[in-house]
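Work through the exercises below with the model open beside you, and try each task before you read its solution.

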Amino acid sequence: MSEKKDPSVLDGFKAFLMRGNVVDLAVAVVIGAAFTNIVNAMVKGIINPVVGAIGTKNLDHYSSCLSSSCEGEQGIRILWGSVLGAALSFVITAAVVYFLMVLPMSKYLARAEARRKAKEGTQEVLEVTELEVLKEIRDALIAQRGSGHDRR
């Protein structure tokens, strides 16, 4: 019996790296990291001042105390303002990504797919029409041959 050789770990790793998904993921991570700066600037420059009109500009200052006294390092403090700030950053990031990237790209892809289907439909109609014309020519040639044999 011949033994089947298992691919080496290095071969598997090389195959993993050569897959298109890995490159796409790497590009997404780099773009995401760069995009984080835009979102942070938007939160710092727009959202925090709007929230600051109601209270403080820095959401980290919003907290609640679970113990009787929360002075200095004493007591148990819940920093719900930090959680709110992170949630707002996430929602803003998701909204910007969706409305500026996902939605336009999906509309573009839908239009491209509709154009492709329309082109295929037109090409299919042309092919059927050409086939019908060729059949008619063939039938006419056969009819001419048939009438030509009768004359002899």
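**Exercise 1.** Find how much space lies in the largest pocket of this predicted model, and work out which helices line that pocket.

*Solution.* Begin with the volume: the largest pocket holds about 160 Å³ of space. Next, look at the lining, which is made up of Ala28, Ile31, Gly32, Phe35, Thr36, Val39, Asn40, Ser89, Thr93, Val97 and Met101. Two elements, helix H2 (20-54) and helix H3 (80-151), each give two or more residues to this lining, and H2 gives the most, with seven residues. Finally, sort the lining residues by character, counting Gly among the polar ones: six are nonpolar, five are polar and none is charged.

**Exercise 2.** Determine which residues make the nonpolar surface patch, and which helix supplies the largest share of them.

*Solution.* The patch covers about 780 Å² and is made by Val23, Val27, Ile31, Tyr98, Phe99, Leu100, Met101 and Val102. Both H2 and H3 supply at least two of these residues; Val27, for example, lies in helix H2. The largest share, five residues, comes from H3. Now compare the two lists: Ile31 and Met101 appear in the pocket lining and also in the patch.

**Exercise 3.** Describe the secondary structure of the stretches that UniProt lists as "transmembrane region".

*Solution.* The unreviewed UniProt entry gives residues 21-43 and 78-101 under this name. In the model, residues 21-43 are 100% helix and 0% strand, with end C-alpha atoms 31 Å apart. Residues 78-101 are 92% helix and 4% strand, and their end C-alpha atoms lie 36 Å apart.

Definitions and conventions. Residues numbered from 1 in each chain as written. Predicted model: local features only at pLDDT ≥ 70, side-chain atom pairs only at ≥ 80, totals over all residues. Heavy atoms only, no water. UniProt positions renumbered as here; feature names shortened; annotations may be inferred. 1 Å grid on protein atoms, 1.4 Å probe; cavity = no way out; pocket = protein on both sides within 12 Å on 5 of 7 lines; lining within 4 Å. Points joined across faces, edges and corners; volume = space filled by probe spheres on them. Patch = residues over 30% accessible without salt bridge, like charges linked within 9 Å, V, L, I, M, F, W, Y side chains within 5 Å. Areas by Shrake-Rupley, 256 points an atom, 1.4 Å probe, with all protein chains shown as cover. Salt bridge = Lys/Arg side-chain N within 4 Å of Asp/Glu carboxyl O.
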